[in-house]
Structures are given as C-alpha cells and as structure tokens.
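Me: I have a new model open and would like to talk it through with you. Shall we start from the inside and work outwards?

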Amino acid sequence: MNFREFGLILFTEKYEECISFYKDLLQLPVRNVKSTLVSFDLPHGYLMVEQGGVGSDVEKARNQNPTVVRFDVEDLDEEVQRLEERGGSFKERRLEFEWGTIAVLSDPDGNRIEIGELNDSSASVRS
C-alpha cells in the first residue's frame, strides 16, 4: 500500500478534558477542529480525538484498552520535567528497559500514555 500518513483515532468520554490534555499539557499542534473531534499533528501523521468513548478515572487495564500511545523524545528527563511544570502527573517517572526508558501517565479517560527515550541501538533498528 502507498500510505500518505498514519492516523490514530481515540474515542473519548471526557472529551473536553482530553482535548485540553493533548493540546495544553502535551502541546500537540491542532490540525483541525470539527463539532465532535479535534485532530492533532504528529510527525508523519495525526492523532484524532473524538467523542463517543468510555473513560475511566484510573489507568485502563489492558482488557479495557490494549493500546498504549507513546511519544518518543530525545531527552526523557527534560520532557518529564516540562510536563510536570505544566501540571502533568506521572504514574512512573522512569522505567528502564534494555531498549530504552519510559515515563508513564494517563490522559483524563485513563488511556495509558508513555513518553519514551530509545537507546541509540534501538533507534537504529527503527530507521
């Protein structure tokens, strides 16, 4: 297939709070706004946040949502600090793995969000 770009659609219950999370906390650029959805620009794609999902006050279990939204960054510690300064609350500030390191938080609907920093050897595998 000849793809133009990749899109992820996230259906939400706490729609306005989720829009604020992605726009104000994560500072994703808004691509467009419609009556029941907002699209955010991502490198090589977009994240669309729509009404009509099921939220949770705590992080959703994998049987409720087997998906993780991960944003890879150059400097994890720096980005975690920036997000905390803007009011972000992390479940885990630093989890280290062989392939890299992540920090974990949830959006207002309980969707797991990871901020990741890949090891140099992992980054070359993805290229």
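Me: Gladly, and please keep in mind that this is a predicted model. Which residues have the most contacts inside the largest nonpolar core?
Reply: That core has 23 residues. Helix 1, strand 3, strand 4, strand 5, helix 2 (76-85), strand 7 (100-106) and strand 8 (112-118) each supply at least two of them. The residues with the most contacts inside the core are Tyr22, Phe40, Val49, Ile113 and Ile115.

Me: Which element gives the largest share of this core, and how many residues is that?
Reply: Several elements supply at least two residues each, among them strand 3, strand 4 and helix 2. The largest share comes from helix 1, with 6 residues.

Me: What does Tyr22 touch, once its neighbours within four places in sequence are left aside?
Reply: Tyr22 is one of the residues with the most contacts inside the core. Its partners include two others from that group, Phe40 and Val49. The full set is Leu10, Gln27, Leu28, Phe40, Leu47, Val49, Asp107 and Ile113.

Me: Let's turn to the sheets. In what order do the strands run in the sheet that holds strand 1?
Reply: This is an open sheet of 4 strands with mixed pairing. Strand 1 (6-12) and strand 2 (30-33) are its edge strands, each pairing on one side only. Neighbouring strands are turned by 20° against each other on average, direction ignored. The order is 1-4-3-2.

Me: Which residue in strand 4 is the bridge partner of Val38?
Reply: Strand 3 (residues 37-42) and strand 4 (residues 45-51) pair in the antiparallel sense over 6 bridges. The bridge partner of Val38 is Val49.

Me: At about what angle does helix 1 run to strand 4?
Reply: Helix 1 covers residues 15-25 and lies across strand 1, strand 2, strand 3 and strand 4. Its angle to strand 4 is about 160°.

Me: And in the other sheet, which strands stand at the edges?
Reply: The second open sheet also has mixed pairing, and its 4 strands follow the order 5-8-7-6. Its neighbouring strands are turned by 25° against each other on average, direction ignored. A strand at the edge has a single partner strand, so one side is left without a neighbour in the sheet; that is the case for strand 5 and strand 6.

Me: Which residue does Leu95 stand opposite in strand 7?
Reply: Strand 6 and strand 7 pair in the antiparallel sense over 3 bridges. Opposite Leu95 stands Ile102.

Me: Why do the buried residues of helix 2 line one face of the helix?
Reply: The buried residues are Leu76, Val80 and Leu83. An α-helix has 3.6 residues a turn, so residues three or four places apart point the same way. These buried residues pack against helix 1, strand 6 (92-96), strand 7 and strand 8. They line one face because, seen down the helix axis, they fall within an arc of 65°.

Me: What happens at the two ends of helix 2, and which residue takes a positive phi just after it?
Reply: At the start of helix 2, a side-chain oxygen of Asp75 reaches to within 3.3 Å of the backbone nitrogen of Asp77. Just after the helix, the residue with a positive phi, of about 105°, is Gly87.

Me: Is Ser56 buried or exposed?
Reply: Ser56 is found in the loop between strand 4 and strand 5 (69-72). Leaving aside its neighbours within four places in sequence, Ser56 is in contact with Lys14, Pro108, Asp109 and Gly110. A polar atom of its side chain lies 2.8 Å from the backbone oxygen of Val58. With a relative accessible area of 15%, under the 20% cut-off, Ser56 is buried.

Me: How far apart in space are Ala61 and Arg112, C-alpha to C-alpha?
Reply: Ala61 is found in the loop between strand 4 and strand 5, and it is partly exposed, with a relative accessible area of 36%. Ala61 and Arg112 are 51 residues apart in sequence. In space, the distance is 9.0 Å.

Me: One more: what is the relative accessible area of Thr12?
Reply: Thr12 lies in strand 1. Leaving aside its neighbours within four places in sequence, Thr12 is in contact with Cys18, Val49, Glu50, Gln51, Gly52, Gly53 and Asp109. Thr12 is buried, and its relative accessible area is 1%.

How values were computed:
Residues numbered from 1 in each chain as written. Predicted model: local features only at pLDDT ≥ 70, side-chain atom pairs only at ≥ 80, totals over all residues. Heavy atoms only, no water. Pairing = 2+ DSSP bridges. Axes fitted to C-alpha atoms, helices over the stretch in contact; angles between N-to-C directions. Contact = heavy atoms within 4.5 Å. Buried < 20%, exposed > 50% of the residue type's maximum accessible area, 1.4 Å probe, protein only. Polar contact = N/O pair within 3.5 Å; in protein donor to acceptor, adjacent residues only side chain to side chain. Core = buried A, V, L, I, M, F, W, Y, C linked by side-chain atoms within 4.5 Å. Arc of directions from axis to C-beta.
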